[in-house]
Amino acid sequence: MALVPGAALPAQRDLVCNARSDACGGFIIVINSDAGAVRRQGPRALRALAQRTLGGQLASVVTTDRHDLVAALQAAARQAPRAVAVIGGDGTARTALQTLSPLDIPVAPLPGGTLNRLTKRVFGHGSIEACLQAMRYGTSRPLAGARVEGHCFYVAAGFGAWMQLQTVRERMRGKAPIAGLRLLLRLAPHQFAERLHWSPNEAAPLVNSTLIVGVGRIDSALGTHAQMHEPALLEAAGADVRDWGGLAGVAASTLLRRWRRHRDVTMLAARSLAVTSGHGGTPALLDGEYHMLGRSFDIVFESNCGRVWAPVRRRRPW
């Protein structure tokens, strides 16, 4: 979608401006109407809550959808805000960080999705109202993450053929669970056969069917560990799943929080990883968003991968 300076965006038709706040230097909130929690609460109620909580510090509120999200973020950046808060899921927050961090505009990820892992990492545990209150006394700070082929992720990423089954997850969560189950049964045999070669630095490569990489401890992405400080390393776990029994075993150990001791799981910590797929491309989920990467690539930890607007003192994430 091309941007014309000064032109109004379709996603900005319900722009709410606060006359007591300067256009420059106030907070701008961008609401993704496609996010699950936003659909339940309603954009209008969220706008009213933001106005009540932030008062004169609020410059404007914009409601958009996933198709016009980047355009809305770019339009917000042109107003030179103090920070841009986004209400949506982890994918919404990741898009905002990738769009605004290179412009040195901090992002406040507010809860509006299912897992809200980025929100918990920045604000800790709390309702959207509590996060809005914390914004009033926040500060800009760097956020650690990882970079792969020009993309960033800030919580966790998955690599390998199994990542193609994101469509199954969406159907199971939506109105077509039976169709999702049929798709899983049709695709699974192909997923068992594919392998990834991965290694830290120049070590001998490991061979697995699936690779999960977390910024810091992977447990924080699973919701089973409180990551109170900014991480300094990546944690990688490779799982060698060869059949339905192996898949069930890894899944059960994950639910029981025993996956680190599973015989088919190999894990290590590193600042960079080299990955090679046996096929023409590598399916990947970066903070829950699907990407098709190349056959070979590096995953590199960066201590200043994004910029967030965060409270000076945060609560425990879980």
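**Close-up views of the predicted model**

**View 1. The lining of the second largest cavity.** By class, 3 nonpolar, 5 polar and 2 charged residues form the lining of the second largest cavity. The structure shown is a predicted model. The search of the whole structure finds 3 cavities of 30 Å³ or more. The volume of the second largest of them is about 50 Å³. Its lining consists of 10 residues, and those closest to the cavity centre are Gly160, Ala161, Glu194, Arg195 and Leu196.

**View 2. The whole chain, for orientation.** The protein has 318 residues, of which 52% are buried. Its secondary structure comprises 10 helices and 17 strands. Among contacts between residues at least 6 apart in sequence, 74% join residues at least 24 apart. The accessible surface amounts to about 14,900 Å², with 54% of it belonging to carbon and sulfur atoms. The mean pLDDT is 83, and 81% of the residues reach 70 or more. In residues 1-23, by contrast, the pLDDT is below 50, although this stretch has 45 contacts in the model beyond near neighbours in sequence.

**View 3. Helix H3 and the elements packed against it.** Helix H3 spans residues 69-77 and is mostly covered, with 7 of its 9 residues buried. These buried residues are Leu69, Ala71, Ala72, Leu73, Ala75, Ala76 and Ala77. They pack against three strands, S2 (27-32), S3 (58-64) and S4 (83-88), and against helix H4 (90-100). In an α-helix, residues three or four places apart point the same way, because there are 3.6 residues a turn.

**View 4. Ala80 in the loop that follows H3.** Ala80 is placed in the loop between H3 and S4. Its phi is near 50°, a positive value in a residue other than glycine. Ala80 counts as partly exposed because its relative accessible area of 44% falls between the limits of 20% and 50%.

**View 5. Gly89 between strand S4 and helix H4.** Gly89 occupies the loop between S4 and H4 and is buried, with a relative accessible area of 16%. Residues up to four places away in sequence aside, Gly89 touches Ala35, Gly112, Gly113 and Asn116. Gly89 and Gly288 are 199 residues apart along the chain, yet their C-alpha atoms are separated by 9.3 Å.

**View 6. Pro109 within strand S5.** Pro109 belongs to strand S5, which covers residues 107-111. With a relative accessibility of 3%, Pro109 is classed as buried because the value is under 20%. Residues up to four places away in sequence are not counted among its contacts, which are with Val86, Ala93, Leu118, Thr119, Val122 and Phe123. A separation of 9.9 Å is found between the C-alpha atoms of Pro109 and Ile29, which are 80 residues apart along the chain.

**View 7. Val250 in helix H10.** Helix H10 runs over residues 244-255 and includes Val250. Val250 is buried, its relative accessible area being 13%. Apart from neighbours within four places in sequence, Val250 is in contact with Val241 and His262. From Val250 to Asp264 the C-alpha distance is 7.6 Å, for 14 residues of separation in sequence.

**View 8. Asp264 in the loop between H10 and S13.** Asp264 is located in the loop that connects H10 to strand S13 (265-270). At 23% relative accessible area, Asp264 is partly exposed. When residues up to four places away in sequence are left out, Asp264 touches Asn208, Gly238, Ala239 and Asp240. The C-alpha atoms of Asp264 and Arg242 lie 9.7 Å apart, and the two residues are 22 apart along the chain.

**View 9. Asp287 between strands S15 and S16.** Asp287 lies in the loop between strand S15 (282-286) and strand S16 (289-293). Although Asp287 is not a glycine, its phi is positive, at about 50°. With a relative accessible area of 2%, Asp287 is buried.

Methods: Residues are numbered from 1 along each chain as its sequence is written. This is a predicted model: local features need pLDDT of at least 70, side-chain atom pairs count only at pLDDT 80 or more; totals for chains, interfaces and linings use all residues. Side-chain values use heavy atoms; hydrogens and water are left out. On a 1 Å grid over the protein atoms alone, a cavity is a set of points where a 1.4 Å probe fits but cannot get out, and a pocket is an open set with protein on both sides within 12 Å along at least five of seven lines; lining residues have an atom within 4 Å of a point. Grid points are joined across faces, edges and corners, and a volume is the space filled by probe spheres set on the points. Ala, Val, Leu, Ile, Met, Phe, Trp, Tyr, Cys and Pro count as nonpolar, Asp, Glu, Lys and Arg as charged, and the others, Gly among them, as polar. Helices (H or I, at least four residues) and strands (E, at least two) are DSSP runs, numbered from the N terminus. Buried means under 20% relative accessible area, exposed over 50%, partly exposed in between (1.4 Å probe, protein chains only). Contact means heavy atoms within 4.5 Å. pLDDT is the predictor's confidence in each residue, from 0 to 100. Accessible areas come from the Shrake-Rupley method with a 1.4 Å probe; for residues, only the protein chains shown count as cover.
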